[in-house]
Amino acid sequence: MVWRVEHFTEIDSTNTWLAQRAGEGADEGLVAYADYQSRGRGRLDRQWEAPTGTALLCSLLLRPAIDADQLQMAVAAVALALRAALVRLCGVRPGLKWPNDLLVNDRKIAGLLAEIVTTGDQWAVVVGFGVNLTSCPDPATSTSVLEESGVTITPLALLDIVLEELEERRRQLDTEVGQSALRDEYERALLTLGQSVRVETQNGVFVGEARRVDNHGRLVLDTDEGQMKFFVGDVVHLRAQESAS
Ligand code: BT5
């Protein structure tokens, strides 16, 4: 993959900028990262906060050969690359919380936001992520690389390794064999599996045991009403238990 990296000292949101480029037909591999975002976004219109220069704020444009309803597998590929990069650079090994958080001891060190952009019969996915490097908004619920490891790393140093770690995982998205390997790695890294969880969705709130993720990256839950699968949702772990490898 040829990555083309654009840097901004300040921008509204790297996801918004990249989604516009995707809509104009930009090729896969375009990357935007910024020192500061004035309108950094989480899911469902939530805000992503990071003071200037304290975080890696980045978005990637991908055009994998998956169906749009397998979007979560693209999130998984990037989340796993991020996690591997953090292990390599500073020995911090976050667990993944489905669908889009990286946690260390239950505190959020990074979050991902994936968005689909459709143009004609083509679609692209913009995967954005924010990683707290030297500060975090609320020490009760969030943390940073500095806090967890004592190491100060620059956004660009982390980005370089993330892109390296993404190479193989991005390729895996294009084949069934690759997707299955990626799903295995994803399941091993997910703190959510084996836990009692509450899944909050726009269609209601569901409680059950999180069993696995399927090939679409959907979370499979055993509930009193039977098995249910979720594309999206906010998950609350009802029993704290760090079981990911
Ligand atoms: C996310 O949403 O976790 C997705 C975050 C994606 C941010 C990146 S930065 C680059 C790219 N450009 C963008 O505009 N966005 C992406 P969600 O699961 O909805 O979590 C959002 C919630 O996390 C907020 O409501 C806060 O409670 C909390 N939060 C905000 N800033 C945080 C931070 N720096 N660290 C930890 N938690 C934070």
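Reader: By class, how many nonpolar, polar and charged residues does the lining of the largest cavity have?

Author: In this predicted model, the largest cavity holds about 40 Å³ of space. Its lining includes Val-75, Leu-96, Trp-98 and Tyr-186, and H2, strand E4 (95–97) and E5 each supply at least two of the lining residues. By class, the lining of the largest cavity has 8 nonpolar, 1 polar and 2 charged residues.

Reader: Where does the largest pocket lie with respect to domain 1 (4–189) and domain 2 (196–244)?

Author: The volume of the largest pocket is about 830 Å³. Among the elements that each supply at least two residues of its lining are helix H1 (14–23), strand E6 (107–119) and strand E12 (234–237). Because domain 1 (4–189) and domain 2 (196–244) both give residues to that lining, the largest pocket lies between them.

Reader: Which residues lining the largest pocket are the closest to its centre?

Author: The lining of the largest pocket has 13 nonpolar, 19 polar and 11 charged residues. The volume enclosed is about 830 Å³. Of the 43 residues that line this pocket, the closest to its centre are Trp-48, Asn-100, Asp-101, Lys-108 and Gly-111.

Reader: Which residues lie nearest the centre of the second largest pocket?

Author: Domain 1 (4–189) and domain 2 (196–244) both contribute to the lining of the second largest pocket, so this pocket lies between them. About 580 Å³ of space lies in it. The lining has 12 nonpolar, 6 polar and 5 charged residues by class. Of the 23 residues that line the second largest pocket, those nearest its centre are Arg-43, Pro-99, Phe-231, Val-232 and Gly-233.

Reader: Which residue has a polar side-chain atom 2.6 Å from an oxygen atom of the ligand?

Author: Of the 27 residues around the ligand, Ser-13, Arg-41, Arg-46, Glu-49 and Lys-108 come nearest. A polar backbone atom of Glu-49 lies 2.8 Å from a nitrogen atom of the ligand. The contact to an oxygen atom of the ligand at 2.6 Å is made by a polar side-chain atom of Arg-46.

Reader: What percentage of the accessible area that the ligand has on its own does the protein cover?

Author: The ligand is also contacted through Thr-14, which has a polar side-chain atom 3.1 Å from a nitrogen atom of the ligand. On its own, the ligand has 800 Å² of accessible area, and the part of this that the protein covers is 88%.

Key: Residues are numbered from 1 along each chain as its sequence is written. This is a predicted model: local features need pLDDT of at least 70, side-chain atom pairs count only at pLDDT 80 or more; totals for chains, interfaces and linings use all residues. Side-chain values use heavy atoms; hydrogens and water are left out. On a 1 Å grid over the protein atoms alone, a cavity is a set of points where a 1.4 Å probe fits but cannot get out, and a pocket is an open set with protein on both sides within 12 Å along at least five of seven lines; lining residues have an atom within 4 Å of a point. Grid points are joined across faces, edges and corners, and a volume is the space filled by probe spheres set on the points. Helices (H or I, at least four residues) and strands (E, at least two) are DSSP runs, numbered from the N terminus. Ala, Val, Leu, Ile, Met, Phe, Trp, Tyr, Cys and Pro count as nonpolar, Asp, Glu, Lys and Arg as charged, and the others, Gly among them, as polar. Domain bounds come from an automatic or database domain assignment. A residue is near a molecule or strand if one of its heavy atoms lies within 4 Å of it. A polar contact is a pair of N or O atoms within 3.5 Å; within protein, one must be able to donate a hydrogen and the other to accept it, and residues adjacent in sequence count only if both atoms are side-chain atoms. Accessible areas come from the Shrake-Rupley method with a 1.4 Å probe; for residues, only the protein chains shown count as cover.
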